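I wanted to go through the charged side chains of this model and note which of them pair up. These are my entries, in the order I looked things up.

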Amino acid sequence: MEFIIPFKGEVKFKITLDPTVWIFDDRKIDLDTYFTEEKVQRDELEEYKRGMGEHWSREIMEGATVPPTLNSEKTYNRKEKNKMMVGTFGMVFKPFLENAEPSDQASTVVVETAHGEHAFPLEQAKELIFKFSQEGKPLKEDGPVHILLPDGSNQANPITDVTAIRVE
């Protein structure tokens, strides 16, 4: 089975998705709790502004600090490592779709699978969740991803065997 998902169609950038590296991505969501916890909408721009303001104030009060070196990597504590080894994770599709930059004429995202195609309006497709891990293991048998609806209504019967994403 191929673990790379080509992204094609009416997009400015024809990218590929590699779900095998998403386990290290900070944007991953924990699907063990995602559909049961209350969701809080985050305004990323507002969070960025608030963080920069705090940083600016700290530098004014305490003086500038040396930025971390480029070679420094995020370190995970034992609890985080264990969670990655046994957790079930997914990624929201929105950042990938936005990075591909659909054309102005695009209105539909088509998920191509080994069993057929599933079409979603562009705005609804942004909220799709790409499950890439089940209990710490990649989805080898019917993966590389399972596509879940944002409300989790198809958790028991997700879209599987994804071969490509096409924007029309």
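The entries below cover salt bridges first and then a lysine without one.

Entry 1. I am working from a predicted model. I looked up the total of salt bridges and found eight in the structure. I followed up some of them below.

Entry 2. I looked at lysine 94 and glutamate 98, whose side chains meet in a salt bridge with an N to O distance of 4.0 Å. Where do lysine 94 and glutamate 98 lie relative to the helical turn? Both belong to helix H3, which spans residues 94-100, and because they are four residues apart there, about one helical turn separates them. I then checked accessibility. Lysine 94 is partly exposed, at 35% relative accessible area, and glutamate 98 is partly exposed as well, at 40%.

Entry 3. I went on to glutamate 123, which has a salt bridge to lysine 126; their closest N and O atoms are 3.1 Å apart. Is each partner buried or exposed? I noted a relative accessible area of 55% for glutamate 123, so this residue is exposed. Lysine 126 has a value of 16% and is therefore buried, the cut-off being under 20%.

Entry 4. I looked up arginine 166 and found a salt bridge to glutamate 168, with 2.8 Å between the closest N and O atoms. Glutamate 168 is partly exposed, with a relative accessible area of 39%, whereas arginine 166 is buried, at 17%. Which residues does the network hold? I listed Lys8, Glu112, Glu117, Arg166 and Glu168, joined into one network by salt bridges that share partners.

Entry 5. I turned to lysine 131, which sits in strand E7, residues 129-134. This lysine is buried but has no salt bridge. Which side chain of opposite charge is nearest to lysine 131? I found aspartate 32, at 7.7 Å. A salt bridge needs the nitrogen and the carboxyl oxygen within 4 Å, so aspartate 32 does not qualify as a partner at that distance.

Entry 6. I then asked what lysine 131 does meet. Its side chain has a polar contact with the side chain of glutamine 134, at 2.4 Å. Setting aside neighbours within four places in sequence, I recorded contacts of lysine 131 with Leu31, Thr88, Phe89, Gly90, Leu139, Pro144, Val145, His146 and Leu148.

Note on methods:
Residues numbered from 1 in each chain as written. Predicted model: local features only at pLDDT ≥ 70, side-chain atom pairs only at ≥ 80, totals over all residues. Heavy atoms only, no water. Helix = DSSP H or I, 4+ residues; strand = E, 2+ residues; numbered from the N terminus. Buried < 20%, exposed > 50% of the residue type's maximum accessible area, 1.4 Å probe, protein only. Lys, Arg positive; Asp, Glu negative; His and termini not counted. Polar contact = N/O pair within 3.5 Å; in protein donor to acceptor, adjacent residues only side chain to side chain. Contact = heavy atoms within 4.5 Å.
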